[in-house]
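Colleague: Please take a close look at one part of this model for me, and tell me how it fits into the rest of the chain. I'd like the cut-offs as you go.

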Amino acid sequence: MGRPVKPEKIDLQVEYPCPRCKRGRLQAIVLTEAFGCDRCSQIFGLSPDGLVLEQLSTSYPYKKAWQWTGGNWRDQNRSLTDNYFPFILVALALIPPVWLPLVLQSRSGLGALAITVVLTLIVLIFWLARRSRP
């Protein structure tokens, strides 16, 4: 496994690719310590140490943040849920096909079937919410 790349200080005089839309270019906003994307119109501010770029105009409750590694942006918001979400989703999707035949054979099949439907709907809601995240 390679060593982690050390973040570089972000320079307001340099043009960077947009970490959000990946197609636009970040350009410094005059008289501020902020960048604006020429494609997605997002505004990004610098942390006091100049190592982290934060998305300022967002309705998402958690600020998105990135560090520049010299060639690309490294997402600072990655978490275990981001890394393991696909595996959890697959595991939860496989439970109903295995559990459903067992539930239908039991006496209290309707109650367990209702629980299965509710759990499936909860997984679907989380999956849809996850897909719509910026």
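**A close look at Lys 64**

Modeller: Happy to! Lys 64 is buried, with a relative accessible area of 10%; buried means under 20%, exposed over 50%, and partly exposed in between (1.4 Å probe, protein chains only). The areas come from the Shrake-Rupley method with that 1.4 Å probe, and for residues only the protein chains shown count as cover. Please keep in mind that this is a predicted model, where local features need pLDDT of at least 70, side-chain atom pairs count only at pLDDT 80 or more, and totals for chains, interfaces and linings use all residues. Residues are numbered from 1 along each chain as its sequence is written, and side-chain values use heavy atoms, leaving out hydrogens and water.

The partner of Lys 64 is Asp 75: their side chains meet in a salt bridge, at 3.3 Å from N to O. That pair links distant parts of the chain, since Asp 75 belongs to strand β7 (residues 73–75) while Lys 64 lies in the loop between β5 (52–55) and β6 (65–68), 11 residues apart. Unlike buried Lys 64, Asp 75 counts as partly exposed, at 24% relative accessibility. Here a salt bridge is a side-chain nitrogen of Lys or Arg within 4 Å of a carboxyl oxygen of Asp or Glu. Side chains of opposite charge can pair when their charged atoms come close.

By this rule the chain has 2 salt bridges. The other joins the side chains of Arg 25 and Glu 15, again with 3.3 Å from N to O. This pair also links distant parts of the chain, with Arg 25 in strand β2 (residues 25–28) and Glu 15 in the segment before β1 (16–17), 10 residues apart. Arg 25 is partly exposed, with a relative accessible area of 32%, and so is Glu 15, with 42%.

Now for the setting. The chain has 2 helices and 7 strands, in the order β-β-β-β-β-β-β-α-α from the N terminus on. Helices (H or I, at least four residues) and strands (E, at least two) are DSSP runs, numbered from the N terminus. Lys 64 is buried, and of the 134 residues of the chain, 26% count as buried. The chain exposes about 9700 Å², with carbon and sulfur atoms supplying 63% of that area.
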